[in-house]
Amino acid sequence: NEGLVKPGIAPITCPQGSTFRRTLVYKIARRPVDLTEWDARMQVRETHSATSTLANLTVGNGGLTLGGSAGTITIYISHEDTSNIRAGNYVYDLELVEPNGDVMRLVEGKFTVTPETTR
């Protein structure tokens, strides 16, 4: 069970009105973790205790893509969706769900949306 691993801290900057796509690689001892049959979820909120989400990404809705034996996790938010998030500082975390149902927070941090000038 990798759930005992402390989450990484990684600030994310997202340009408002732009397509946001980033790929992470989950590795242990420099070797990619096989994410075949795993699930993932990520949420962006104004604060940790906020009841509503600014972005709710899952494998099922296309916001997250897992790369199997390569250990990759691709985060995707459309330009239409980033246009609807007002510029500011928010929080996020990304959780992985193992095939046995165990949940592990892989990474967390500040999610900053920078203002769009060209519209």
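## A walk from strand β4 to the largest pocket

Begin by selecting I28, which sits in strand β4 (residues 27-28); helices (H or I, at least four residues) and strands (E, at least two) are DSSP runs numbered from the N terminus. This is a predicted model, where local features need pLDDT of at least 70, side-chain atom pairs count only at pLDDT 80 or more, and totals for chains, interfaces and linings use all residues. Residues are numbered from 1 along each chain as its sequence is written, and side-chain values use heavy atoms, with hydrogens and water left out.

I28 counts as partly exposed because its relative accessibility is 34%; buried means under 20% relative accessible area, exposed over 50%, and partly exposed in between (1.4 Å probe, protein chains only). Add E98 to the selection: 70 residues separate I28 and E98 in sequence, and their C-alpha atoms are 15 Å apart in space.

Next, go to T82 in helix α1 (residues 79-83). With 0% relative accessibility, T82 counts as buried. Show the polar atoms of its side chain: one lies 2.8 Å from the backbone oxygen of S18, and the backbone oxygen of H79 lies 3.2 Å from a polar atom of the T82 side chain. Leaving out residues up to four places away in sequence, T82 touches C14, P15, Q16, G17, S18, F20 and I77, where contact means heavy atoms within 4.5 Å.

Now for the core. The largest nonpolar core has 27 residues, and Y26, L35, M42, I73, L96 and F111 touch the most other members. Such a core is a set of buried Ala, Val, Leu, Ile, Met, Phe, Trp, Tyr and Cys residues joined through side-chain atoms within 4.5 Å. β11 gives the most to this core, with five residues.

Stay on M42 for a moment. Beyond its neighbours within four places in sequence, M42 is in contact with residues including I12, A55, L57, L64, I75, Y92 and F111.

M42 also leads to the last stop, as one of the residues lining the largest pocket, together with R41, Q43, R45, H48, V91, Y92, D93, E95 and E108. β6 (39-45) and β10 (88-97) are the elements that give two or more residues to this lining. The lining residues divide into three nonpolar, two polar and five charged; Ala, Val, Leu, Ile, Met, Phe, Trp, Tyr, Cys and Pro count as nonpolar, Asp, Glu, Lys and Arg as charged, and the others, Gly among them, as polar. A pocket is an open set of points on a 1 Å grid over the protein atoms alone, where a 1.4 Å probe fits, with protein on both sides within 12 Å along at least five of seven lines; lining residues have an atom within 4 Å of a point.

Definitions and conventions: A polar contact is a pair of N or O atoms within 3.5 Å; within protein, one must be able to donate a hydrogen and the other to accept it, and residues adjacent in sequence count only if both atoms are side-chain atoms.
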